[in-house]
Amino acid sequence: MTNPIPVRLKSARKAAGYTQQQLGMALGMEPNTASARMNQYEKGKHTPDYQTMKRIADELGVPVAYFYCDDELMAELISEIGKLDVQARQEILRRLKELK
């Protein structure tokens, strides 16, 4: 199975309107290395550790689980549910449980 992180990272970064350098700098990377480091993550040459991935997710406004999900539909659901407030999430969970 292919690592889903590189593709999801690039997609989420672009959707948030960041360049690789801008995202890296927002995460505290040095300006002269930010673009190269983010590029390595997006190419799959290196994979960020969980803490870094969590910071990336927070910066891009998506749940960290979005990056690790190996099913495209599930990843999209995670992303959309992550945009909702807690009350809306609880309502969705209640409705999902009713579908069983």
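In which helix is the place of Pro6? Let us start there and work outwards through this predicted model.

**Exercise 1. Locate Pro6 and describe its surroundings.**

Solution.
- Step 1: Find the element. Pro6 has its place in helix H1, and H1 covers residues 5-15.
- Step 2: Judge the exposure. The relative accessible area of Pro6 is 12%. Buried means under 20%, so Pro6 is buried.
- Step 3: List the partners. Once neighbours within four places in sequence are set aside, Pro6 touches Tyr41, Glu42, Lys43 and Gly44.
- Step 4: Compare sequence and space. Pro6 and Asn39 lie 33 residues apart in sequence, while their C-alpha atoms are 9.1 Å apart.

**Exercise 2. Work out how H1 is placed against helix H3.**

Solution.
- Step 1: Take the geometry. Helix H3 spans residues 31-43, and its axis is 6 Å from that of H1, at an angle of about 130°.
- Step 2: Name the arrangement. Angles over 145 degrees would count as roughly antiparallel, and 65 to 115 as roughly perpendicular. The pair H1 and H3 is therefore oblique.
- Step 3: Pick out the residues. From H1 come Pro6, Leu9, Lys10 and Arg13, and from H3 come Met38, Tyr41, Glu42 and Lys43.
- Step 4: Sort them by class. The contact of H1 with H3 holds 4 nonpolar and 4 charged residues, with no polar ones.

**Exercise 3. Do the same for H1 and helix H4.**

Solution.
- Step 1: Take the geometry. Helix H4 runs over residues 50-60; its axis and that of H1 come within 10 Å and cross at roughly 30°.
- Step 2: Name the arrangement. Because angles under 35 degrees count as roughly parallel, H1 is roughly parallel to H4.
- Step 3: Add the handedness. The crossing in which H1 passes H4 is left-handed.
- Step 4: Pick out the residues. H1 supplies Ile5, Leu9, Ala12 and Arg13, while H4 supplies Met53, Ile56 and Leu60.
- Step 5: Sort them by class. In the contact of H1 with H4 there are 6 nonpolar residues, 1 charged and no polar.

**Exercise 4. Decide how exposed Leu23 and Thr19 are, and place each one.**

Solution.
- Step 1: Place Leu23. This residue belongs to helix H2, which covers residues 20-26.
- Step 2: Read its exposure. Leu23 has a relative accessible area of 0%, so Leu23 is buried.
- Step 3: See what surrounds it. Beyond its neighbours within four places in sequence, Leu23 is in contact with Leu9, Arg13, Tyr18, Met38, Ile56, Glu59 and Leu60.
- Step 4: Look along the chain. Glu76 is 53 residues away from Leu23, and the two C-alpha atoms are separated by 21 Å.
- Step 5: Turn to Thr19. You will find Thr19 in the loop between H1 and H2.
- Step 6: Read its exposure. Thr19 has 39% relative accessibility, so Thr19 counts as partly exposed.
- Step 7: Look along the chain again. Thr19 and Ile81 are 62 residues apart, with 25 Å between their C-alpha atoms.

**Exercise 5. Step back and describe the whole chain and its annotated domain.**

Solution.
- Step 1: Count the elements. The protein has 7 helices and 0 strands.
- Step 2: Give the extent. Along the principal axes, the C-alpha atoms fill a box of roughly 50 × 30 × 20 Å.
- Step 3: Give the burial. The protein has 100 residues, and 29% of them count as buried.
- Step 4: Check the contacts. Among contacts with a separation of 6 or more, 45% join residues 24 or more positions apart.
- Step 5: Add the record. The unreviewed UniProt entry carries the annotation "domain: HTH cro/C1-type" for residues 9-67.
- Step 6: Describe that stretch. Residues 9-67 are 69% helix and 0% strand, and the end C-alpha atoms of this stretch are 7 Å apart.

Note on methods:
Residues are numbered from 1 along each chain as its sequence is written. This is a predicted model: local features need pLDDT of at least 70, side-chain atom pairs count only at pLDDT 80 or more; totals for chains, interfaces and linings use all residues. Side-chain values use heavy atoms; hydrogens and water are left out. UniProt positions are given in the numbering used here, feature names are shortened, and annotations may be inferred rather than shown by experiment. Helices (H or I, at least four residues) and strands (E, at least two) are DSSP runs, numbered from the N terminus. Axes are lines fitted to C-alpha atoms, for helices over the stretch in contact, and angles run from 0 to 180 degrees between N-to-C directions. A crossing is left-handed if the near helix is turned anticlockwise from the far one by less than a right angle, and right-handed if clockwise. Contact means heavy atoms within 4.5 Å. Ala, Val, Leu, Ile, Met, Phe, Trp, Tyr, Cys and Pro count as nonpolar, Asp, Glu, Lys and Arg as charged, and the others, Gly among them, as polar. Buried means under 20% relative accessible area, exposed over 50%, partly exposed in between (1.4 Å probe, protein chains only).
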